Amino acid sequence: MGSHVLYEKKGYKAYIILNKQEKLNALEGEMYHDILGYLKEADQDKDIRVVILKGAGRCFSAGYDITAEMNMTLTPMEERNAVQGHANAARWQMWDMGKPVICQVHGYCLGGACELMMPADYVIASEDCQLGEPQIQFGAASVFLMVPWLTGLRKGKEMMLTGEKINGKEAEACGLITKAVPLDDLESYVEALADKLIKMPPEIISIQKWGINRQFEAMGIRTGLGVWVDYSMFFRYMTTPEIEEFSRISAEKGVKAALKWRDEYFAAKTKD
């Protein structure tokens with residue numbers, strides 16, 4: 001597997017570590033493939049009782065690698081199959097596996113990274129981290145629409161229709177994460193939680209986790225998220241003059257320049 005995702009075992013704990021620090025652990029297809037493989041490996045390992053997913057360096061992950069996305073030549077159907085086969089397969093593996101998964105978040109947790117952390121059983125984040133799905137600002141859509149299931153309708157729409165980011169304290173308050181703690185306490189809190197889970201009977205943990213998740217599946221979470229992936233592929237066909245110009249500037253000058261252009265463009269439109 002690739003070097004951008006590391007796998008380590010310490011006693012009863014398995015660590016899956018995002019390690020593309022030069023790009024703030026930005027995700028791409030091969031990394032999702034590796035995450036999926038490591039989750040399966042940990043689930044099948046009788047010596048492992050808890051999995052910790054975290055990022056090396058400055059943040060958990062800044063989201064999907066925009067450079068990789070702009071160079072993508074897949075058709076919408078090919079992209080759908082890739083999303084289902086790798087990215088969302090890794091997310092559902094966390095949901096389905098019998099062992100608890102703790103996601104440890106610091107710095108940025110945006111876009112695809114935010115979607116990656118949501119199916120974890122616990123998300124412990126630093127109070128000052130930044131979470132959200134800003135891709136709508138780039139003319140793209142979420143491919144794992146779990147936010148409203150966790151936050152409720154109003155907060156879900158507030159986040160998903162604007163792409164605004166929230167910090168760890170706000171994320172805890174609205175139910176997006178389990179707990180926000182000071183950055184200096186983050187690792188020790190996660191390790192203490194993992195130590196507590198290790199002491200629980202693993203068979204009962206598995207059954208209890210599955211029982212809780214099946215309640216949400218009975219309410220339609222898996223069907224709804226699956227149908228949404230099909231709909232989201234239509235965004236590849238949709239374009240406006242603003243999206244085309246944003247994409248052009250992003251390709252030539254980078255995303256920051258494109259965001260600056262967008263803000264100036266709509267500020268001028270507002271004055272008109």
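**Exercise 1. Helix H9**

Just after helix H9, Gly220 takes a positive phi of about 110°. Helices (H or I, at least four residues) and strands (E, at least two) are DSSP runs, numbered from the N terminus. The structure is a predicted model, in which local features need pLDDT of at least 70 and side-chain atom pairs count only at pLDDT 80 or more, while totals for chains, interfaces and linings use all residues. Residues are numbered from 1 along each chain as its sequence is written, and side-chain values use heavy atoms, with hydrogens and water left out.

Task: Compare the span of H9 with its expected value, and state which of its residues are buried and which are exposed.

Solution.

Step 1. The expected span of a helix is 1.5 Å times one less than its number of residues. For the 17 residues of H9 this gives 24 Å, and the end C-alpha atoms are 24 Å apart, so the two values agree.

Step 2. Buried means under 20% relative accessible area, exposed over 50%, and partly exposed in between (1.4 Å probe, protein chains only). By this scale, Ile205, Ser206, Lys209 and Asn213 of H9 are buried. These residues lie on the same side of H9, because they cover an arc of only 95° around the axis; the arc is that of the directions from the helix axis to the C-beta atoms.

Step 3. The exposed residues Glu203, Ile204, Ile207, Gln208, Gln215 and Ala218 are on the other side of H9.

**Exercise 2. A nonpolar surface patch**

Task: Identify the nonpolar patch that includes Phe216, and place this residue in the chain.

Solution.

Step 1. Phe216 belongs to helix H9, which comprises residues 202-218. With a relative accessible area of 31%, Phe216 counts as partly exposed.

Step 2. Patches are made of residues with over 30% relative accessible area and no salt bridge; like charges are joined within 9 Å, and nonpolar side chains (Val, Leu, Ile, Met, Phe, Trp, Tyr) within 5 Å. Phe216 forms such a patch on the surface with Trp149, Ile212 and Met219, and together they have about 380 Å² of accessible area (Shrake-Rupley method, 1.4 Å probe; for residues, only the protein chains shown count as cover).

**Exercise 3. Strand S4 and a separate sheet**

Task: Describe how S4 is covered and paired with S3 and S6, then give the strand order of the open sheet that contains S7.

Solution.

Step 1. In strand S4 (residues 101-105), five of five residues are buried. Val101, Cys103 and Val105 point one way, Ile102 and Gln104 the other way, and all are buried.

Step 2. Two strands pair if DSSP finds at least two bridges between them. S4 runs parallel to strand S3 (residues 50-55), with four bridges joining the two; Val51 stands opposite Val101. Four bridges also join S4 to strand S6 (residues 122-126), again in parallel, and Gln104 has Ile124 as its bridge partner in S6.

Step 3. The open sheet has three strands in the order S5-S7-S8, with mixed pairing. Its edge strands, each pairing on one side only, are S5 (108-110) and S8 (166-167). S5 and S7 (residues 130-132) run parallel and are joined by three bridges, with Tyr108 and Gln130 as bridge partners.

**Exercise 4. Salt bridges**

Task: Examine the salt bridges Lys13-Asp195, Lys20-Glu28 and Glu115-Arg91, and classify the accessibility of their partners.

Solution.

Step 1. A salt bridge is a side-chain nitrogen of Lys or Arg within 4 Å of a carboxyl oxygen of Asp or Glu. The count by this rule is 13 salt bridges.

Step 2. Lys13 and Asp195 meet at 2.8 Å (N to O). The pair links distant parts of the chain, 182 residues apart: Lys13 is in strand S2 (residues 13-18) and Asp195 in helix H8 (residues 186-198). Lys13 counts as buried because its relative accessibility is 10%, whereas Asp195, at 36%, counts as partly exposed.

Step 3. Lys20 and Glu28 meet at 3.9 Å (N to O). Lys20 is buried at 4% relative accessibility, and Glu28 is buried at 16%.

Step 4. Glu115 and Arg91 meet at 3.6 Å (N to O). Glu115 lies in helix H4 (residues 112-117) and Arg91 in helix H3 (residues 76-96), so this pair ties together parts that are 24 residues apart in sequence. Both Glu115 and Arg91 are buried.

Step 5. Asp96, Arg214, Glu217 and Arg222 are joined into one network by salt bridges that share partners.
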